[in-house]
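Reader: I should like to learn how a pocket and its ligand are read from a structure. Could you guide me through one case?

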Amino acid sequence: MKFLFINGVNLNMTGRREKGVYGTQTLEEINRDIAAHFKGDECHFFQSNIEGEICTAIHTADCDAIILNAGAFTHYSYAIRDAISSVDIPVVEVHMSNVHARDEFRHTSVISAVCNGVVAGFGKNSYILAAESFKL
Ligand code: DQA
């Protein structure tokens, strides 16, 4: 299968920010582990801190499934929600942390309703579990 893993705002700081929440591995290291797990599949990775670039990545995606950690955009970006609704590709929302056990504002996702599913709380394995769901 062909997967596109999209990471949004501040995810480039993974491994350097809030290590107790997001762990000590960098995003590059996490992506390398994901690619190793799915070695029989095609994995593409994109990260941006810019909302519109995430929308464009979704619009132009050429893959079987998108695994999206939109970061804080999850909680308020109607633009990303509409971008997801604009394409026929299935999208799974992921979070490394259990957003429901954290601040109140993280309990709201404006994208969940237009995603195929949500995986949260399993660190880097949230990405792997989300993508694995398409292989069952
Ligand atoms: C996050 C959770 C979001 O609330 C937060 O803004 C992030 C990361 C996660 O992976 O747990 O940047 O999406």
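Reader: What volume does the largest pocket have?

Author: Please bear in mind that this model is predicted. The largest pocket has a volume of about 190 Å³. It is lined by 17 residues, and those closest to its centre are Arg17, Tyr22, Gly71, Ala72 and Arg106.

Reader: How many residues of each class does the lining of the largest pocket have?

Author: One sorts the lining residues by class. Here seven are nonpolar, six are polar and four are charged.

Reader: Which space is taken by the ligand?

Author: The ligand takes the space of the largest pocket.

Reader: Which residues surround the ligand?

Author: A shell is read by listing residues with a heavy atom within 4 Å of the molecule. In this model, the ligand is surrounded by Arg17, Tyr22, Asn69, Gly71, Ala72, His75, His95, Met96, Ser97, Val99 and Arg106. By class, this shell divides into four nonpolar, five polar and two charged residues.

Reader: Where do oxygen atoms of the ligand meet polar atoms of histidine 75, methionine 96 and serine 97?

Author: For a polar contact, one looks for a pair of N or O atoms within 3.5 Å. At histidine 75, an N or O atom in the side chain is 2.7 Å from an oxygen atom of the ligand. At serine 97, the side chain again supplies an N or O atom, and the distance to a ligand oxygen is 2.6 Å. At methionine 96, a polar backbone atom is 2.8 Å from an oxygen atom of the ligand.

Reader: How much of the ligand's area does the protein bury?

Author: The ligand taken alone exposes 320 Å², of which the protein buries 98%.

Conventions:
Residues numbered from 1 in each chain as written. Predicted model: local features only at pLDDT ≥ 70, side-chain atom pairs only at ≥ 80, totals over all residues. Heavy atoms only, no water. 1 Å grid on protein atoms, 1.4 Å probe; cavity = no way out; pocket = protein on both sides within 12 Å on 5 of 7 lines; lining within 4 Å. Points joined across faces, edges and corners; volume = space filled by probe spheres on them. Nonpolar A, V, L, I, M, F, W, Y, C, P; charged D, E, K, R; others polar. Polar contact = N/O pair within 3.5 Å; in protein donor to acceptor, adjacent residues only side chain to side chain. Areas by Shrake-Rupley, 256 points an atom, 1.4 Å probe, with all protein chains shown as cover. Sits in = over half its atoms within 2 Å of the grid points.
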